[in-house]
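User: Please take a close look at the aromatic side chains in this model. I would like ring geometry, burial and any charges placed over rings, followed by a helix contact.

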Amino acid sequence: MKKISYREQLLHQITNRIRQSLELSEILNTAVQEIQVFLKVDRVKVYRFAGDGSGEVIAESIEANRLPSLLNLRFPATDVPPEAREMFVKARQRVIVDVVAQRKTLQRLDCPNTGENLPMQDVRYATVDPCHVRYLTTMGVMASLVVPILHQRRLWGLLAIHHATPHSFTERELEIVQLLVDQLSIAIAQSDLLSQARQQAEYEATLNRVSHLLHCPLRLTEIRQGVLEAAVEALKGSGGRLYIIAEPTGEAAQLYSAGKQPLHSSIETDPAWQALTGCYASGQSHASGQSHASGQSNVRLAPQTWDYRPASVGRLFYESYSSSESQGCSVPRTYTLADLRQNPDFVSLVDQFADTKICSFLIVPLQLHQQYVGYLCIFRDSYDVEIAWAGRHDEEVRNRMPRSSFALWRELKADQAPEWSADEMKLAQAIGLHLYMAIGQKRVESMMRYHASHDGLTHLPNRLLFNEQLSLALIQAQQQDEMLGVAFLDLDRFKTINDSLGHAVGDQLLKQVSKALKQCLRHCDTIARWGGDEFTLLLPHLNSAEDITQIAQRILEKLSLPFYTEQQELYVTASLGIALYPYDGEDVETLVKNADAAMYQAKQRGKNNYQLYAEEMNTKAVRQLSLESDLRRAILHQEFSLHYQPQINLQTGQIVGVEALLRWQHPRFGFISPAEFIPLAEEIGLICTIGSWVLETACKQHQAWCAEGLLPIHVAVNLSAQQFQQTDLVNTIIQVLNTTRVKPEYLELEITESAAMQDVNFTIAVLRQLRDIGITIAIDDFGTGYSSLNAIKHFPLHVLKIDRSFVQDAVQDPSNAAIAKTIVALGKGLGLNVLAEGVETQEQLDFLRSIQCDSAQGYLFSKPLPPEEIGSLLRHKKLKCKSTRLLQSCSCLGRKAPNTKSGW
C-alpha cells in the first residue's frame with residue numbers, strides 16, 4: 001500500500017510539473033526525465049512524426065549514458081510500419097518487447113473497430129519479428145515499451161522506453177505511464193492553442209499596422225510602400241512587389257517593390273506573369289511608377305495586347321479556400337520555380353529569376369468578385385537544410401535490411417523551397433483585402449466627380465450635369481434673345497426587351513441608341529441619359545419650332561433602323577416631348593417638366609411620335625398625380641369593389657364560372673377605368689396589395705353565394721406579373737383559402753402569357769404547386785405574348801383564354817380567324833379548356849362554336865355585374881343564347897363592351 005501511495009504521489013507531482021510548464025519542449029523534457037527516474041530505465045524518449053511520415057527524437061532522458069543518445073536524430077518513415085501506425089491510432093495500442101525472449105505484448109485500450117474504450121485491456125502475445133529484434137539489438141536495447149501519443153485523433157508521436165537489460169513493467173507502472181501520456185496529449189493541445197493564439201495576435205498586429213498605414217496622413221506612395229514592406233516582413237519574405245493597374249480616369253499604373261526582385265523590372269509585360277497574377281485585360285497601356293526606399297522612378301510599360309487565360313496555369317494553382325471564394329474574395333496562390341519549369345507556358349518566366357535566390361512566391365490578386373485592381377506578390381529565397389539521420393538511409397531494394405548502425409549520418413539538402421502555411425496564406429489574403437479596399441476607396445474618390453455628372457453605361461451626361469448645362473444655356477438664350485428647345489425622349493416598350501432578352505441585351509441596346517442619337521444632333525446640341533430608357537436633349541440656337549421638329553423627325557427615322565446585339569436584330573421606337581423657351585417655361589424645372597408631360601402625350605397617342613407641349617397637358621399630369629395619391633388610400637376608404645362576369649359553356653349555355661373584375665369608384669372623378677389605374681398601381685408598387693385584396697374578397701364572395709343556397713362555382717381571379725413573382729405567393733393563397741374556407745377546386749387563377757414567360761422554370765415550379773393544391777390555372781390573353789410552345793407544353797394548365805383582339809375581328813379578318821382556330825386546336829391538343837374573351841355579337845359566337853371553342857365570356861352574355869346581381873343570374877344556371885327574352889332578362893342583349901381589357 002505504501003508503494004502504491006508513493007507512485008500515486010509521484011504521478012501527482014509529475015502532472016503538476018507538466019501543467020506548470022508553458023512551453024511544450026519544457027513539458028516533454030520534464031516528462032521523459034520523471035518517467036525515466038520513476039521506471040528506473042536507461043532511456044526514455046519522445047519521438048514526433050513529421051508530415052512525410054518520418055520521425056525525430058525531440059526529447060530524451062538517459063541514465064548514465066548506458067545507451068547512446070538519439071536526441072535530434074531523424075528516423076525514416078519505414079521504421080514504423082503502416083499497420084503499426086494504424087493500430088496506434090485505432091486501439092491506442094501499447095507494445096512491450098522482450099528481446100531476449102523474442103516475445104512482444106500488445107495491449108489495446110480501445111476497440112479498433114468502434115474506437116470505444118474497452119472495459120478491460122485486450123492483451124495479446126506474439127513472437128517478435130526478427131527484423132525488429134535486430135533493430136532493437138543494434139540500438140543496444142533488450143527491453144522496450146512504446147506508447148502512442150495522440151492529438152486530435154491522429155498519431156502525433158511515440159513515447160519510447162528502452163532498457164539495456166531485460167526489464168518487466170508492472171500493470172500499475174503501465175497505468176501511470178498511460179496517464180502521463182494522456183497528460184502529454186492535453187499539454188500538446190494546450191500548446192497548439194497557445195501557438196495559434198500567439199500567431200493570431202501577431203497576425204492581428206500586422207493587420208492593425210497595415211490598417212494604420214492605409215489611414216495615416218502620409219503621401220499615397222509612402223503608404224503603399226510601407227504596407228508592402230510590412231507584408232514582406234510579416235510573411236517572412238525576402239522581397240515583394242505591389243502592382244496597381246491604371247485607373248479608368250487615365251492615371252498610370254503603379255509599381256512598388258521591396259527587397260529582392262526578379263531580374264527585369266518590367267516583368268508585368270510578360271504574358272506568363274500576367275497569367276499568374278490574374279491580369280486578363282487586353283489592349284491597355286500601363287505606365288508604371290516604381291517606389292523604392294531610396295526614391296521613386298517612373299517606367300513606361302509596353303502596351304498589353306495579350307489575352308491570357310487561367311486554364312494555361314493548370315496544376316500550378318494550389319488548393320483554394322472555398323469560404324473565401326464564396327465571399328467573392330480572390331484566393332492567394334503559391335508557386336515554385338521547380339513547378340514552373342514543368343509547364344512549357346512558364347519556362348521562359350523562370351529566366352526572370354536566374355542568378356537570384358528567389359525560388360518561391362505567393363501572389364494575392366487584389367480582387368473582389370470581378371473587380372481587379374492589381375496584385376501583391378511576396379518572394380521567398382531558397383534555403384539549405386541539414387538533416388541528422390539515425391544511420392544512413394537508402395531506399396534501394398537491396399539495402400532494405402535492418403540497419404546495422406544508428407551512427408549519425410548527415411544529409412545536406414540544398415535549394416529547398418519554403419512552404420507557405422494555410423495561416424500565412426490567410427494573412428496574405430487579409431492584407432490583400434485591406435489593400436483592395438483602400439485602393440478601391442481611392443478610385444471611388446478619384447472618379448466621384450465623373451460619376452456624379454455622367455452615366456456609367458452610356459458615358460453620357462446625367463441629369464445633374466444636364467440641368468447645369470441647361471441653366472447656362474438659358475442664360476445665354478436670354479442674353480441673345482434666342483429660342484431654346486428641351487426634348488424628353490423615352491424608348492417605347494423597352495421593358496419588354498429587358499424582360500424577354502435580359503438586361504445585358506438591354507444595356508447593349510441603350511449604348512447603341514445613345515450613339516445613334518448623337519449622330520442625329522448638331523454640334524451645339526447636348527444629349528443626356530435621364531435614367532432608365534429616358535434621354536433628355538438640349539437644343540440651343542433655334543430659329544423656329546420647325547428646327548426642333550426636324551431634329552425630332554430625324555431621330556425617329558434613325559431609330560426606325562434595326563439594331564444588332566448578340567446576333568439579334570432588334571427594332572425600337574421612341575416617344576418625344578418638346579418644350580420651347582421662352583414659350584413653355586423660362587427655368588430648368590418648368591421646361592423639363594413640360595417636356596416630360598409632352599412625352600407622355602406622345603405615348604398616349606400611339607408612341608413612335610413627337611409632341612410639342614400644350615398647356616392642357618398639365619391638366620392630365622395633375623390628374624395622374626392625384627390618382628397616385630388617392631390610389632394609396634383607396635383600399636382603406638373602401639373605394640374598390642369587385643364585379644363578376646359569367647363564363648358560359650358554348651355547348652350547353654350553362655354558366656360554368658365567373659371572373660372577378662376590379663372596379664374603382666373615385667369620390668371625385670367617379671368611375672376610373674382599370675386600364676388607367678392598374679398600370680399606375682404596378683408603377684408605384686401597390687399592385688400586390690390590391691391583388692391580395694381582390695383574391696380575399698372574391699373568395700369571401702364565393703362563400704357568401706354558397707351561404708345563400710347557390711351551388712359552388714368557379715371564381716377566376718387575375719394575378720399580376722409582380723404578384724406572381726412573389727416568393728410567398730403560394731403560402732398567401734393557401735392562407736386565404738383556409739381563412740375563407742373555399743375549396744381549392746373552386747378557385748381559378750389567371751396569369752398573362754407575358755408574365756408566365758418571364759422566368760419559365762420559376763413559372764413551372766409555382767404552377768405545379770398551385771395545381772397540386774387543386775387550383776385551376778388559366779393563361780390569359782393567349783396569343784399576344786412571346787410564348788414558346790415548347791415551354792407552354794410544360795406548364796401545368798387547365799384553361800387557355802383567347803385574347804379579345806382575335807375574337808372581335810375574327811369574322812372580318814381571316815388572319816385573326818386563323819389565329820383563333822390555331823389556339824383552339826392547340827388547347828384541344830394539350831387537353832385544355834379554351835375560353836374566348838370579349839364576345840359581343842352573335843356572329844362572333846357562331847364562329848367560336850364552329851371552331852369548337854369550349855366556353856366564352858363577354859357583353860353578348862352579360863356585362864360584369866355587382867355581387868347581388870350576379871347572384872340572381874347564377875340562379876338561372878344557364879344562358880340560352882338563342883333566346884332573346886332570356887338575354888334581355890340577363891341584361892346582355894345589345895350591350896357593347898368598352899374598348900378596354902376586362903382582366904381587372
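Analyst: One aromatic cluster is formed by Tyr 243, Trp 273, Tyr 335, Phe 353, Phe 361, Tyr 375 and Phe 379. The model is predicted. Side-chain atom pairs enter only at pLDDT 80 or more.

Aromatic pairs number 20 in total. Trp 273 and Tyr 375, both members of the cluster, make one of these pairs. Their ring centres are 6.0 Å apart and their planes stand at 75°, so the pair is edge-to-face. The cut-off for that label is over 60 degrees. In sequence the two residues are 102 residues apart, so distant parts of the chain are linked here. Trp 273 belongs to helix H7 (residues 271–277). Tyr 375 belongs to strand S15 (residues 371–381). Are these two residues buried or exposed? Trp 273 has a relative accessible area of 1%, so it is buried. Tyr 375 is at 0% relative accessibility and therefore counts as buried too.

Another pair joins Phe 488 and Trp 530. It is edge-to-face as well, with 5.8 Å from centre to centre and 65° between the planes. Again distant parts of the chain are linked: Phe 488 sits in strand S18 (residues 483–491), Trp 530 in strand S19 (residues 526–531), and 42 residues separate them. Phe 488 is buried because its relative accessibility is 3%. Trp 530 is at 13%, so it is buried.

Next, charges over rings. Arg 380 lies over the face of Trp 420, 3.7 Å from the ring centre. Lys 45 lies over the face of Phe 75, 4.8 Å from the ring centre.

Last, the helix contact. Helix H6 (residues 220–234) and helix H11 (residues 422–453) have axes that come within 11 Å. The axes cross at roughly 170°. H6 is therefore roughly antiparallel to H11. The cut-off for that term is over 145 degrees. Which residues meet? From H6 come Leu 220, Arg 224, Val 227, Ala 231 and Ala 234. From H11 come Leu 427, Ile 431, Leu 435, Ile 439 and Lys 442. By class, the contact holds eight nonpolar residues, no polar ones and two charged ones.

How values were computed
Residues numbered from 1 in each chain as written. Predicted model: local features only at pLDDT ≥ 70, side-chain atom pairs only at ≥ 80, totals over all residues. Heavy atoms only, no water. Axes fitted to C-alpha atoms, helices over the stretch in contact; angles between N-to-C directions. Helix = DSSP H or I, 4+ residues; strand = E, 2+ residues; numbered from the N terminus. Parallel < 35°, antiparallel > 145°, perpendicular 65-115°, else oblique. Contact = heavy atoms within 4.5 Å. Nonpolar A, V, L, I, M, F, W, Y, C, P; charged D, E, K, R; others polar. Phe/Tyr/Trp six-rings, centres within 6.5 Å; stacked < 30°, edge-to-face > 60°. Buried < 20%, exposed > 50% of the residue type's maximum accessible area, 1.4 Å probe, protein only. Lys NZ or Arg CZ within 6 Å of the ring centre and 35° of its normal.
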